[in-house]
Amino acid sequence: MRKILQLISLLCCISAASLGGKEGVSVSQFPLTFNLVYPGNGIPSGESREIWIGLRIVREDGWHTYWEHPGDVGIAPSIEWELPAGFSAGKIIFPPPQRVSMFDIRANGHTGETLFLIPLSIPPLASGQEFEIKGLCSWMACSHTCMPAHTQLSLKLPVVSKFEPDPYWATQFKNFWATQPKEIPKGWNFDARLIGKFLKLQFPTFLSDKNGELDFFAENRVILSNQSPTVRKKDERIEWILKKSPWGPQMPKKISGILSLKEGAEKSFYRLNIPVSSNE
């Protein structure tokens, strides 16, 4: 009986190993812990393809890193890749941002544990090979002080004849895509106008009673992140008066970014690209 139980345990371990996702060694560098992850047992053999790997960052309580468009302060995480011949990496896809503060300066970033995804273009590969994905990750973490730093990360991926998804990491990747910003539905009529050193952002009528549930994370430093909008209502529509950033374009042709809308207990995110007109 004991031998049977040992055999069952061994088979379970083999099964888990064959189906498990791949995780690089976790690297802790206060106040962050990092590793690269992959949602399956290996790279599928055969023709060239695109795969996705993840960068997991876990932050100590009270610390944050920055979104790809940090706002008035901050530096977003980046990776300088060292890849096998024929491999290439695309742009890091960030999760939706949160409001964070460096001292008393509000910016756009992330707290707690988050996942970032990166596309890799892969050449045709034969099963039985193994490749190491390496990269130098750089970042700035802030709380009451800021700590810019970097560390080396790596992830070993075998080439397999049959891809088997990992239940945990496949779910995490799926959840990541589910929270990515959506395009605004047709009929959501936004308007943006320059008024001297300010930008007026007008929301659709149906959002007129949801001002306390809205937030907007601008790209390219068009507006200051360290501000609260002046809110007024005109013709049943909410208007936000926002200060332009001195570090961004002074005559922007459009304002782009992420609209956060609280819907029940959850938040939904929408991507805005609004042409900017002038009152002058």
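How much accessible surface does the chain have, and what share of it belongs to carbon and sulfur atoms? In this predicted model, the accessible surface of the chain comes to about 14,800 Å², and 54% of that area belongs to carbon and sulfur atoms. The C-alpha trace spans about 80 × 40 × 40 Å along its principal axes, and 45% of the 280 residues of the chain count as buried. The secondary structure consists of two helices and 21 strands. Where contacts are formed between residues at least 6 apart in sequence, 70% of them join residues that are at least 24 apart.

The pLDDT of the chain averages 91, with 92% of the residues scoring at least 70. Over residues 1-19, however, the pLDDT is below 50, and beyond near neighbours in sequence this stretch has five contacts in the model.

Helix 2, which covers residues 167-178, was examined in terms of its length and the distribution of its buried residues. Its twelve residues should span 16 Å at 1.5 Å a residue, and this expectation agrees with the computed separation of its end C-alpha atoms, which are 16 Å apart. The buried residues of helix 2 are Trp169, Phe173 and Phe176; seen down the helix axis, these buried residues fall within an arc of 55°, and therefore line one face of the helix. The cover over the buried residues of helix 2 includes strand 1 (22-23), strand 3 (32-38), strand 5 (49-59) and strand 11 (113-122). The face turned away from this buried side carries the exposed residues Pro167, Lys174 and Ala178. At the start of helix 2, a side-chain oxygen of aspartate 166 reaches to within 3.2 Å of the backbone nitrogen of tyrosine 168.

The loop that connects strand 13 (146-160) to helix 2 (167-178) contains glutamate 164. With a relative accessibility of 22%, glutamate 164 counts as partly exposed, because buried residues are those under 20% and exposed residues those over 50%. The side chain of glutamate 164 makes a polar contact with the side chain of lysine 162, at a distance of 3.5 Å. With respect to glycine 54, glutamate 164 lies 110 residues apart in sequence, while the C-alpha atoms of glutamate 164 and glycine 54 are 17 Å apart in space.

How values were computed
Residues numbered from 1 in each chain as written. Heavy atoms only, no water. Helix = DSSP H or I, 4+ residues; strand = E, 2+ residues; numbered from the N terminus. Buried < 20%, exposed > 50% of the residue type's maximum accessible area, 1.4 Å probe, protein only. Polar contact = N/O pair within 3.5 Å; in protein donor to acceptor, adjacent residues only side chain to side chain. Expected span 1.5 Å × (residues − 1). Arc of directions from axis to C-beta. Contact = heavy atoms within 4.5 Å. Areas by Shrake-Rupley, 256 points an atom, 1.4 Å probe, with all protein chains shown as cover. pLDDT = per-residue confidence, 0-100.
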